[in-house]
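Please open the model in a viewer and keep the sequence panel visible. The stops below are meant to be followed in order, with one selection at a time.

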Amino acid sequence: MSVLPRPGKIIALHLNYPSRIAQRGRVPEFPSFFLKPPSSMAASGDVIERPAGTELLAYEGEIALIVGTRTRRATPEEGWASISGITAANDWGVYDLRHADKGSNLRNKGGDGFTPLGPEVIPAASVDPRALRVRTWVNGVLKQDDTTADLAFPFGTLVADLSQLITLEPGDVILTGTPAGSSVAAPGDVVEVEVDAPTAPGAPSTGRLVTRVVEGTTPLAGYGAQPRVDDRQRIEAWGDAESAGVTRPSPALTEELREKLASAAVATISAQLRKLGCPHSSIDGVHPLVPGTKMIGIARTLRFIAHRPDLFESHGGGYNAQKRAFDSLAEGEVLVIEARGDATAGTVGDVLALRAKVLGAAGIVTDGAARDSAAVAAVGIPAFAKGVHPSVLGRRHVPWEIDTAITCGGAAVLPGDVVVGDDDGVVVIPRQLVGQVADAAAAQEAEDAWVAERVAEGHPVDGLFPLDAEWRRRYQEERG
């Protein structure tokens, strides 16, 4: 049995450890919290059920703070003094149900047994809060190992921030975030978490908090949220794409091909695609927010569907598909957004454009509208849109899904295709044709430049543009 009574409140922090922040790819401006039901508390030695029909039950070893005195409006300097003890915690969650309660994490992290605590409590007064260590083992293998030396939000700050509006009462528990290394556990796994203070006198420890994973046998009822996962959820649950068994298609855009496409106009590329049987390759109606923009990158996709109140309620809030798409961009990728050609509400704004820029994305394309268009343009990332509009997306759109086949501006776009844009617009090159198109477009640009030189010399275009047999002979002779 746990030495802890059931707390009145369990408050959990989203991000705190630099290692986890780097893994997630987003830096929190301030602490962000959610509540876990007191009924989720469990003790060392208890089992946790992976709900029937789910696959992504993930552990998160954490340090739990136990509030010792009634606290309201503490300062950061006073916050640590409000803590009576610390113990080990495991903030379990089922990624399959993250979609059900966006932001609140109720069903994802609130299940019975989803907050094991213990087994022992270290008196807070006996340790330095900046010299604690948390470690997690799975089947005896160390998976998490980090210290509190460089937290984004020190423990005193957490107490102070929470107590601005919420009275913290004796016995309340604050979970302080997990370091990198959190991953998925399967039925039969044994997960252990230990918190200690290795440099303090006597090196006090909580001992190992032990949880054994078992398979649930009762399916979720059809009247409630059902499990739903995609590759992005798998990557976040496992910690990386390799562990999750998720591989993106190998990039179709080598540096050599990129250079060839950079030297070619979109009009030239479009002509070459037409010759290869792809006459509908252009994303019609989109224009750069900044004239003179050149964009080349690998497509990622985001699809909006038409607004409907119930669907916006279920998919539009919290960490929705739009935010996940921008948060998951990688260097050299272009986010292509299907908005059904509806430019009467924004589909991208300055904050999301900045996120794409920081991640090294190569551009953004939407057949909808850009909001905060001047600010988006000022971010400095290539951005193409059908129009601009001041309204937020909820006026017309519901962010629905990412990394699927879409139709943007009349063109089919698949993740992994190559997207090229300039003042004439944007074209999509199927990944299997990138090499052919790049070579042909570069050759066409060289030929067109030679033709332009002859026209500038005073030659008529008849027979020269396009090259007839004689002019082509001369062109090939000069090229050697």
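The tour begins with the whole chain and then proceeds to cores, helix pairs and a single buried residue.

**The whole chain**

Display the C-alpha trace first, bearing in mind that this is a predicted model. Along the principal axes, the C-alpha atoms occupy a box of roughly 95 × 50 × 45 Å. Colouring by secondary structure shows 14 helices and 26 strands. Of the 480 residues in the protein chain, 50% are buried. Among contacts between residues at least 6 apart in sequence, 78% join residues at least 24 apart.

**The largest nonpolar core**

In soluble globular proteins, nonpolar side chains tend to be buried together. Select Ile63, Leu65, Trp80, Ile86, Val127 and Phe155, which have the most contacts inside the largest nonpolar core, a set of 28 residues. Then add the elements that give two or more residues to this core: β1 (10-13), β6 (61-67), β7 (83-90), α4 (155-163) and β13 (190-196). Which element gives the most to this core? That element is α4, with 4 residues.

Centre the view on Ile63 next. Beyond its neighbours within four places in sequence, Ile63 is in contact with Tyr17, Ile86, Thr87, Leu132, Val134, Thr148, Phe155, Ile174, Leu175, Thr176 and Val195. A second, separate core holds 23 residues, including Phe326, Leu335, Ala353 and Ala383.

**Helix α4**

Return to α4, which is mostly covered, with 7 of its 9 residues buried. Select these buried residues by name: Phe155, Gly156, Leu158, Val159, Ala160, Leu162 and Ser163. Showing the surroundings reveals that they pack against β1, β2 (33-36), β6, α2 (76-79), β7 and β12 (173-175).

**Helices α8 and α13**

Two packed helices are described by the angle between their axes and the distance between the axes. Select helix α8 (residues 266-275) together with helix α13 (residues 434-456); they pack at an angle of about 125°, with their axes 9 Å apart. At that angle, α8 is oblique to α13. Their crossing is right-handed. On the α8 side, show Thr268, Ile269, Gln272, Leu273 and Lys275 as sticks; on the α13 side, show Val437, Ala440, Ala441, Gln444 and Glu445, since these residues make the contact. Sorted by class, the contact has 5 nonpolar, 3 polar and 2 charged residues.

**Helices α13 and α14**

Keep α13 and add helix α14 (residues 469-479); this pair packs at an angle of about 105°, with axes 11 Å apart. The two helices are therefore roughly perpendicular to each other. Ala443, Ala446, Glu447, Trp450 and Arg454 of α13 meet Trp471, Arg472, Arg474, Tyr475 and Glu478 of α14. How many nonpolar, polar and charged residues does the contact of α13 with α14 have? There are 5 nonpolar, no polar and 5 charged residues.

**Glu236**

Finish at Glu236, in helix α5 (residues 231-238). Is Glu236 buried or exposed? Glu236 counts as buried because its relative accessibility is 4%, and buried means under 20%. Display Arg24, Tyr95, Arg98 and Tyr319, with which Glu236 is in contact once neighbours within four places in sequence are left aside. As a last step, draw a distance from the C-alpha atom of Glu236 to that of Ser182: the two are separated by 9.3 Å, although these residues are 54 residues apart along the chain.

Note on methods: Residues numbered from 1 in each chain as written. Predicted model: local features only at pLDDT ≥ 70, side-chain atom pairs only at ≥ 80, totals over all residues. Heavy atoms only, no water. Core = buried A, V, L, I, M, F, W, Y, C linked by side-chain atoms within 4.5 Å. Buried < 20%, exposed > 50% of the residue type's maximum accessible area, 1.4 Å probe, protein only. Contact = heavy atoms within 4.5 Å. Axes fitted to C-alpha atoms, helices over the stretch in contact; angles between N-to-C directions. Parallel < 35°, antiparallel > 145°, perpendicular 65-115°, else oblique. Left-handed = near helix turned anticlockwise from the far one by under 90°. Nonpolar A, V, L, I, M, F, W, Y, C, P; charged D, E, K, R; others polar.
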